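Me: I would like a close look at a single part of this protein. Please start there and work outward in one connected answer.

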Amino acid sequence: MDIQRAAVIGGGSFGTVVANILADNQIQTVQWMRNEVVASAINTSHTNPDYLPGVALNPELKATTDLLAAVKDADVIFVSVPSHSVRQVVTSFAAELKPEQALISTTKGIEHDGFLLMSQVLAEICPNNPVGVLSGPNLAKEIGKRELAATVIASENSELRRNVQDALSCSYFRVYASNDLYGVELGGALKNIYAIVSGFVAALGMGENTKSMIITRSLAEMSRFAVALGANPLTFLGLAGVGDLVVTCMSPLSRNYRVGYAIGQGKTLEDAIKELGEVAEGVNTLKYVRARAIELDIYMPLVMGAYEILFNGAQPKDVAQGLMTGDYASDVEFALPKHEI
Ligand SMILES: NC(=O)c1ccc[n+]([C@@H]2O[C@H](COP(=O)([O-])OP(=O)(O)OC[C@H]3O[C@@H](n4cnc5c(N)ncnc54)[C@H](O)[C@@H]3O)[C@@H](O)[C@H]2O)c1
Ligand SMILES: O=P(O)(O)OC[C@H](O)CO
């Protein structure tokens, strides 16, 4: 199956850049979105003014608000809506799919019920279709401007991996392949938590040593969690692990970092999310990962501290001090010694 026609589901920043790369590679691409005004702007002025203002999109990219028309003839369908909408949106076209049509999630989130990653949601709804995940250090606003970046396509289906590599690789986008679907996808979801933590650190004006400590300990913590759940530890040394963690923890372009920054400045979570006006997947991911870590007895002090700040009104400064001295009051006890790993 060569990819000649593609659909992208979602009219936000990342859906638009994926659709634009495909169009740059002469793949006939239709992007589906709910907003008719944005669809019309993409078709006529070749811009997405709501999410990527100032970015010139490929004039061959077509947008539509007709979901069934978008997916009908697509060899591959990229799903790029927030995690809380994936099940509903995919269910609304699943019955129309032919078994050879592949589904690729670009969504870095977790579904609460059953702690399902998005590829697992796709496989549950469309059990006969090949499934994959695209994840890596991919800030949409930079890729929209065609700045150089790399990503990972992960799937258990080697033909699908090769085809997506061919479809997306171009002069500004390099695509690596992995068969660790679970690890690649979990890396993309987990790093959002630590981007929020890095936002606190930046807002408090902490030093470069502190930032490095946070990123490094975040990597240890997220790898420990992922390996306990069955991921390959080597995945966390690659683009979808440390790569995505570093960019999201360091860039104010990250929405998760911005939420952490706003809270670090003293804003409420509600205000921080309202101000952002876009999705910050890490907020819900933090809740679900904390619950899972407690259930499985996995030592995750940064997750526990971040939860106290976001949902229990703790002060970032107090939590940071508690984490340093090891006597941070948590209602959770851990089997692992505190400084192990
Ligand atoms: N923006 C990035 O830099 C980036 C990079 C890589 C991955 N991602 C991931 O991609 C996913 C989407 O992110 P984004 O940046 O495009 O988000 P976004 O907030 O820019 O856009 C989300 C889009 O989905 C639409 N949407 C929401 N609920 C919907 C529903 N029920 N039906 C139809 N459309 C719906 C919104 O209207 C919006 O157009 C997220 O999980 C994110 O983690 C984002
Ligand atoms: O803006 P964020 O925080 O959702 O992060 C965007 C991408 O996931 C970075 O790879």
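In strand 2, which residue is the bridge partner of Ile 9?

Reply: The bridge partner is Trp 32, which sits in strand 2. This is a predicted model. Ile 9 belongs to strand 1, which spans residues 5–9. Strand 1 runs parallel to strand 2, residues 28–32, and five bridges join the pair. Strand 1 is mostly covered, with four of its five residues buried.

Next, the contacts of Ile 9. Among the residues that touch Ile 9 is Ser 80. Ser 80 lies in the loop that links strand 4 (76–79) to helix 4. Ser 80 counts as buried because it has 28 C-beta neighbours inside 10 Å. Leaving aside residues up to four places away in sequence, Ser 80 also touches Val 8, Gly 10, Gly 12, Phe 14, Gly 15, Val 18, Thr 106 and Thr 107. Take Gly 15 from that list. Ser 80 and Gly 15 are 65 residues apart in sequence, yet their C-alpha atoms are 5.2 Å apart.

Gly 12 and Phe 14 lead on to ligand 1. The shell around ligand 1 holds 26 residues, and the closest are Gly 12, Phe 14, Ser 85, Lys 108 and Ala 140. Helix 1 (13–24) and helix 4 (83–94) each supply at least two residues of this shell. Helix 4 gives the most, with four. By class, the shell has nine nonpolar, 13 polar and four charged residues.

Now the wider frame. The chain is assigned two domains, domain 1 (3–178) and domain 2 (188–322). Their centres, taken over C-alpha atoms, are 26 Å apart. Ligand 1 lies between the two domains, because both give residues to its shell.

The domains also touch each other. In this contact, 18 residues of domain 1 meet 20 residues of domain 2. On the domain 1 side, strand 9 (149–155) and strand 10 (173–178) are the elements that give two or more residues. Strand 9 has the largest share, three residues. That side divides into nine nonpolar, seven polar and two charged residues.

UniProt records add names, from unreviewed entries. Residues 7–159 are listed there as "domain: Glycerol-3-phosphate dehydrogenase NAD-dependent N-terminal". Over residues 7–159 the chain is 35% helix and 23% strand. The end C-alpha atoms of that stretch are 19 Å apart. Residues 180–320 are listed as "domain: Glycerol-3-phosphate dehydrogenase NAD-dependent C-terminal". Over residues 180–320 the chain is 75% helix and 0% strand. Here the end C-alpha atoms are 34 Å apart.

Ligand 2 comes next. Lys 108, one of the closest residues to ligand 1, is also in the shell around ligand 2. The rest of that shell is Pro 137, Asn 138, Leu 139, Asn 192, Ala 195, Asp 244, Val 247, Thr 248, Ser 254, Arg 255 and Asn 256. Helix 8 (181–203), helix 10 (239–250) and helix 11 (255–264) are the elements that give two or more residues to this shell. Helix 10 gives the most, with three. By class, the shell has four nonpolar, five polar and three charged residues. Domain 1 and domain 2 each contribute at least three residues to the shell around ligand 2.

Follow Arg 255 and Asn 256 into helix 11. Both are buried. Helix 11 is mostly covered, with ten of its ten residues buried. The other buried residues are Tyr 257, Arg 258, Val 259, Gly 260, Tyr 261, Ala 262, Ile 263 and Gly 264. Their cover includes helix 8, helix 10, helix 12 (269–276), helix 13 (282–296), helix 14 (301–312) and helix 15 (316–325). Just after helix 11, Gly 266 takes a positive phi of about 105 degrees.

Two further residues deserve a check on phi. Most residues other than glycine have a negative phi. Phe 115 is not a glycine, yet it has a positive phi of about 50 degrees. Phe 115 is in the loop between strand 6 (110–111) and strand 7 (116–117). Phe 115 counts as partly exposed because it has 14 C-beta neighbours inside 10 Å. Asp 297 is not a glycine either, and its phi is positive at about 60 degrees. Asp 297 lies in the loop between helix 13 and helix 14. With 12 C-beta neighbours inside 10 Å, Asp 297 counts as exposed.

Notes
Residues are numbered from 1 along each chain as its sequence is written. Chains are lettered from A and ligands numbered from 1 in the order in which they are written. This is a predicted model: local features need pLDDT of at least 70, side-chain atom pairs count only at pLDDT 80 or more; totals for chains, interfaces and linings use all residues. UniProt positions are given in the numbering used here, feature names are shortened, and annotations may be inferred rather than shown by experiment. A residue is near a molecule or strand if its C-beta atom, placed from the backbone, lies within 6 Å of it. Ala, Val, Leu, Ile, Met, Phe, Trp, Tyr, Cys and Pro count as nonpolar, Asp, Glu, Lys and Arg as charged, and the others, Gly among them, as polar. Domain bounds come from an automatic or database domain assignment. Two residues are in contact if their C-beta atoms, placed from the backbone, lie within 7 Å. A residue is buried if 20 or more other C-beta atoms lie within 10 Å of its own, exposed if 12 or fewer, and partly exposed in between; C-beta atoms are placed from the backbone. Two strands pair if DSSP finds at least two bridges between them.
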